[in-house]
Amino acid sequence: MKEDKSSSRRRFLTNAAIGAVGIAGASHLLSSCSGENESRELDLPTLLDEAPDGEPLKAGVIGCGGRGTGAALNFINAGPNLQIVALADVFQDRIDACRQRLKEQAGIEISDEKCYLGFDAFQKVMEEDVDVIILATPPYFRPGHFKASVDANKHVFMEKPVAVDPVGIRSVIASARRAENLGLTVVTGTQRRHSRDYVATYQKIAGENAIGKIVAANAYWNQAKLWHRERKEDWDDMEFMIRDWVNWSWLSGDHIVEQHVHNIDVVNWFTGKFPVSAVSFGARHRRPTGDQYDMFSTDFVYDDQAHMHSMCRQINECSNNVSEHVQGTKGYSNCRNTIYDMDGNVMWEYAYPTNESGEATSKVKISPYDQEHIDMVTAIRTGKPINEAEANANSTLTGIMGRISAYTGKEVTWDEMAQSDLKLGPDEIKFGAVKKVFTVPVPGAPPA
C-alpha cells in the first residue's frame, strides 16, 4: 500500500474501467431536472406505525457491522412475521457480534450454516430462501451487491451512499431501473425521507408551495471526528483498510459522500432537482489514517442559478451543525419542522407527539430508522413497490461532484460526472498486500 502526493484533474475524472452503462449511455441516465418550484403531486409513503401482517418475509444481511446489525433489528421492528435468516461478512468477528446482538435484542438465532464468510459470501446469501437483502457493507461494494440482488429478484434495503464513483453510480441506476421493471421494492438509507417531521415539511413546501420558488439552500454536517482504527500487526493492507473503511476514499467516498449525502439529499428532494456544477475546496488537518479530507465547503449551482452552500467537517472541538435550510420567494424553512415567512415569523410548525405530562417532545412517533423498514415491508406486502435507488444515486453523485472539485480545485459539472469513467479502488479485491497508490489529494499547482 503506497502513498503518492502528486495528483491531476484527469486522474480524478478518468480511469481505465468504464461503468456498466458506459459513457455512450450516460447522458440519458444522468441529466439535471428543470422547472419551477411549484405545487406538485407527491408520491409519499403512508407512514404506518407498523407494517401490515402477511406471509413471512425472510431477509439476509450482507455486511454485519454496526449499521448492518442495526438495520437487521430495524427490519424486525417493522412488523409481524419478519425474519433474519442469513448473514455474510468478510470478518468472522463481525458475524459473531451480529449474531450475539440479534440473539440478545430480538431472540433470533442464526445457525452456523447460514453464516457466510469472505468476499464471495454475498453470493451465497443470494442463493438462500430470502425475500429481502439488507446491504450494509462499505459503500464501495454497494453497486455490485445491488446488481446481484436485483439479478436474484430480491427486494433490497441498502444503506447510503450507494456508490463511491461515477462508474458505480451508473451501475446502480441501471440496476434500479431493472428493479423497477421487475416490480421490486428498493429502500435506501436516507432516512430523513421517512422521518415524519421532514415528510410533513416537504408536503407543505413541495406540495403546497408554502415558501414559493426555492432560490437558495444550505446543507451542513459539521461534527467531531467520527472514528478510526489503528493498524494491528497481523492486519494486512486490505484488512486494515476495510476495518478502517470510513477513512479511505475508495471505500467510503470521503465524508462529503458517505455522511453529508443525508443533507445534500434533503435539498435535492425539496427542490426536485440536482446541481449542474460545483466549485469546492477542502483540507486535511487532523485525520490520523486514510487518504481523505477533514472538511469540505462547496458551492453547488442548479440549472436556474439557485445555489446551495454545502459544508461538512469532522474535527474535534469545533462548532457543530447538522441541518438544512431552503430559502424561497415567500419564506424559508429548516426542512425539518418549521416554516417562516420573509420576516421570520413562524407560519407553520410540525406537531410532535406529547409526553405523559402533555408536553410536546422533539421526536417523531416512530424512529425513521424503523419507519423506512415499515415503509419497505408495507410496499412489498401491499404490492405497491417503491424504489429510491435512483434518487439516492443522484444525491450520491452530487457529493462525488463536490469531492472531485475539492480534490482538483476545479469546477466540475454534472455532465463531466455523467461521462466520467472514474472507478476507485485496487485492481483486485483480496486480502494481502495492496499495490495501488493512494494519494492525499492536493488541488491546483505549486506556487511559481
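Biologist: Let's start in the middle of things: which residue does Ala216 stand opposite in β11?

Modeller: Keep in mind that this is a predicted model. β8 and β11 pair in the parallel sense, over 8 bridges. Within β11, the residue standing opposite Ala216 is His307.

Biologist: And on the β12 side, which residue is the bridge partner of Asn218?

Modeller: Here the pairing is antiparallel, with 8 bridges joining β8 (residues 214-223) to β12 (residues 321-328). One of the facing pairs puts Asn222 opposite Asn321. For Asn218, the bridge partner in β12 is His325.

Biologist: Okay, so is β8 largely enclosed or left open by the rest of the structure, and how many of its residues are buried?

Modeller: In the strand order of its sheet, β8 sits between β12 and β11. It is largely enclosed by the rest of the structure, because the buried residues of β8 number 8 of the 10.

Biologist: Which strands stand at the edges of that sheet?

Modeller: The sheet is open, has 9 strands with mixed pairing, and runs β15-β14-β13-β12-β8-β11-β10-β9-β16. A strand at the edge has a single partner, so one side of it is left without a neighbour in the sheet. That describes β15 and β16 (412-413).

Biologist: What angle does the direction of α12 make with that of β8?

Modeller: α12 packs on this sheet, where it touches β8, β10 (295-301), β11 (307-314) and β12. Another helix, α14 (residues 389-408), lies across β9 (277-283), β10 and β16, at about 60° to β9. For α12 against β8, the angle is about 165°.

Biologist: How many of the residues of α12 are buried?

Modeller: The list of buried residues in α12 includes Val261, Asp265, Trp269 and Thr271. Right after the helix comes Gly272, with a positive phi near 75°. As for the count in α12, the buried residues are 11 of 11.

Biologist: α12 packs with helix α8 too. How far apart are their axes?

Modeller: Tyr198, Val199, Thr201, Tyr202 and Ile205 of α8 meet Val266, Trp269 and Phe270 of α12. Those residues divide into 7 nonpolar, 1 polar and no charged. The helices, α8 at residues 196-207 and α12 at residues 261-271, pack at an angle of about 35°. The distance between their axes is 10 Å.

Biologist: Moving on to Val364: buried or exposed?

Modeller: Val364 is found in the loop between β15 (346-349) and α13 (368-382). Beyond its neighbours within four places in sequence, it is in contact with Ser195, Arg196, Asp197, Tyr350, Tyr352 and Pro353. Its relative accessible area is 14%, and the cut-off for burial is under 20%. That makes Val364 buried.

Biologist: There's a second sheet as well. Which are its edge strands?

Modeller: This open sheet has 6 strands, in the order β4-β3-β2-β5-β6-β7, and its pairing is parallel. From one strand to the next, the twist averages 20°. The strands that pair on one side only are β4 (115-117) and β7 (186-188).

Biologist: In β3, which residue is the bridge partner of Leu57?

Modeller: β2 (residues 57-62) is mostly covered, with 5 of its 6 residues buried. It pairs with β3 (residues 82-89) in the parallel sense over 6 bridges. Leu57 has as its bridge partner Leu82.

Biologist: Helices lie across this sheet too, I see. At about what angle does α6 run to β5?

Modeller: Helix α4 (residues 92-106) lies across β3 and β4, at about 165° to β3. Helix α6 (residues 142-151) lies across β2, β5 (132-135), β6 (155-158) and β7. Its angle to β5 is about 180°.

Biologist: Now α7: what should its 17 residues span, at 1.5 Å a residue?

Modeller: The expected span is 1.5 Å times one less than the number of residues. In α7 (residues 166-182) the end C-alpha atoms are 24 Å apart, which agrees with an expected span of 24 Å.

Biologist: Last one: what pLDDT does the chain average?

Modeller: Some stretches score low: over residues 3-9 the pLDDT is below 50, and it stays under 50 over residues 15-35. Still, 91% of the residues score at least 70. The chain's average pLDDT is 92.

Key: Residues are numbered from 1 along each chain as its sequence is written. This is a predicted model: local features need pLDDT of at least 70, side-chain atom pairs count only at pLDDT 80 or more; totals for chains, interfaces and linings use all residues. Side-chain values use heavy atoms; hydrogens and water are left out. Helices (H or I, at least four residues) and strands (E, at least two) are DSSP runs, numbered from the N terminus. Buried means under 20% relative accessible area, exposed over 50%, partly exposed in between (1.4 Å probe, protein chains only). Contact means heavy atoms within 4.5 Å. Axes are lines fitted to C-alpha atoms, for helices over the stretch in contact, and angles run from 0 to 180 degrees between N-to-C directions. Ala, Val, Leu, Ile, Met, Phe, Trp, Tyr, Cys and Pro count as nonpolar, Asp, Glu, Lys and Arg as charged, and the others, Gly among them, as polar. Two strands pair if DSSP finds at least two bridges between them. pLDDT is the predictor's confidence in each residue, from 0 to 100.
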